[in-house]
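This briefing goes through a single protein chain, topic by topic. Please keep the sequence and the 3D view open beside the text while reading.

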Amino acid sequence: VAPFLAGGRDRSNKAVAVANEQTVDVAAGLVDNRVTVTALGQTLKIRVFGSAAATGDPDRLEIRFDGFELGGLPTIPLPRPVGSILTTFVDGDLRLSRGSR
């Protein structure tokens, strides 16, 4: 399920389209994931948000998700799962990273 919500999809399944955008603002300490799933002519928007904090490693960020929103419903808090992302490349338009969040 996670790769699906991260924007990955089975390329043979043309009935479902998934788009993902993640914003990480280290200066503001924010992370914001937005996923759009379109299937059977219907679109569902999912947002997962939280905090991003620097670590002792300049290439690694600690990520903590605080809540999510599903299709305009009220925000649902999360149990504050914590993980990290390791940035392997970054420029003004693109960030490539690996991690548990």
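**The turn at leucine 40**

Leucine 40 is found in the loop between β2 (30-39) and β3 (42-54), and the model in which it appears is a predicted one. With a relative accessibility of 81%, which is over the 50% cut-off, leucine 40 counts as exposed. Although leucine 40 is not a glycine, its phi is positive, at about 55°.

**Overall make-up**

- The protein chain contains one helix and seven strands, and, read from the N terminus, its elements follow the order α-β-β-β-β-β-β-β.
- Of the 101 residues in the protein chain, 21% count as buried, while the surface that the protein chain exposes comes to about 6700 Å², with carbon and sulfur atoms supplying 58% of it.
- When contacts between residues at least 6 apart in sequence are considered, 19% of them join residues at least 24 apart.

**How the strands β2, β3 and β4 pair**

- Strands β2 and β3 run antiparallel and are joined by ten bridges, and within this pairing valine 37 has leucine 44 of β3 as its bridge partner.
- These two strands, β2 and β3, form a hairpin with two residues between them, and leucine 40, with its positive phi of about 55°, sits in the turn.
- Strand β3 also pairs with β4, again in the antiparallel sense, over nine bridges, and here isoleucine 46 stands opposite leucine 70 in β4.
- The hairpin formed by β3 and β4 has five residues between the strands.
- In a regular strand the side chains alternate between the two faces of the sheet.

**The nonpolar cores**

- The largest nonpolar core is made up of six residues, namely Val31, Ala52, Leu61, Ile63, Phe65 and Ile85, and strand β4 (residues 60-70) gives the most to this core, with three residues.
- Apart from this core lies another one, of five residues, which includes Val16, Val18, Val37 and Ile46.
- Alanine 52, one of the six residues of the largest core, belongs to strand β3, and it counts as buried because its relative accessible area is 5%, which is under the cut-off of 20%.
- If residues up to four places away in sequence are not counted, alanine 52 touches Val24, Gly29, Leu30, Val31, Glu62 and Ile63.
- Alanine 52 and phenylalanine 65 are 13 residues apart in sequence, and their C-alpha atoms are 8.8 Å apart in space.

**Salt bridges**

- How many salt bridges does a search of the whole structure find? The search finds five, and a network of salt bridges links Glu21, Asp32, Arg34, Arg47 and Glu69.
- One salt bridge brings together the side chains of aspartate 32 and arginine 47, at 2.6 Å from N to O; since aspartate 32 lies in strand β2 and arginine 47 in strand β3, the pair ties together parts that are 15 residues apart in sequence.
- Aspartate 32 counts as buried, at 16% relative accessibility, whereas arginine 47 is partly exposed, with a relative accessible area of 28%.
- Arginine 47 also meets glutamate 69 in a salt bridge of 3.4 Å, N to O, and this pair links distant parts of the chain, with arginine 47 in strand β3 and glutamate 69 in strand β4, 22 residues apart.
- Glutamate 69, for its part, is partly exposed, with a relative accessible area of 24%.
- The side chains of arginine 64 and glutamate 62 meet in another salt bridge, at 3.8 Å from N to O; arginine 64 is partly exposed at 23% relative accessible area, and glutamate 62 counts as partly exposed at 32%.

**A surface patch and threonine 87**

- Leu44, Leu70 and Leu73 make a nonpolar surface patch of about 240 Å², and leucine 70, whose place is in strand β4, counts as partly exposed at 30% relative accessibility.
- Threonine 87 has its place in strand β6 (residues 82-90), and is it buried or exposed? Threonine 87 counts as buried because its relative accessibility is 18%, which is under the 20% cut-off.
- Leaving aside neighbours within four places in sequence, threonine 87 is in contact with Asp59, Arg95, Leu96 and Ser97.

Notes: Residues are numbered from 1 along each chain as its sequence is written. This is a predicted model: local features need pLDDT of at least 70, side-chain atom pairs count only at pLDDT 80 or more; totals for chains, interfaces and linings use all residues. Side-chain values use heavy atoms; hydrogens and water are left out. A nonpolar core is a set of buried Ala, Val, Leu, Ile, Met, Phe, Trp, Tyr and Cys residues joined through side-chain atoms within 4.5 Å. Buried means under 20% relative accessible area, exposed over 50%, partly exposed in between (1.4 Å probe, protein chains only). Helices (H or I, at least four residues) and strands (E, at least two) are DSSP runs, numbered from the N terminus. Contact means heavy atoms within 4.5 Å. Two strands pair if DSSP finds at least two bridges between them. Patches are made of residues with over 30% relative accessible area and no salt bridge: like charges are joined within 9 Å, nonpolar side chains (Val, Leu, Ile, Met, Phe, Trp, Tyr) within 5 Å. Accessible areas come from the Shrake-Rupley method with a 1.4 Å probe; for residues, only the protein chains shown count as cover. A salt bridge is a side-chain nitrogen of Lys or Arg within 4 Å of a carboxyl oxygen of Asp or Glu.
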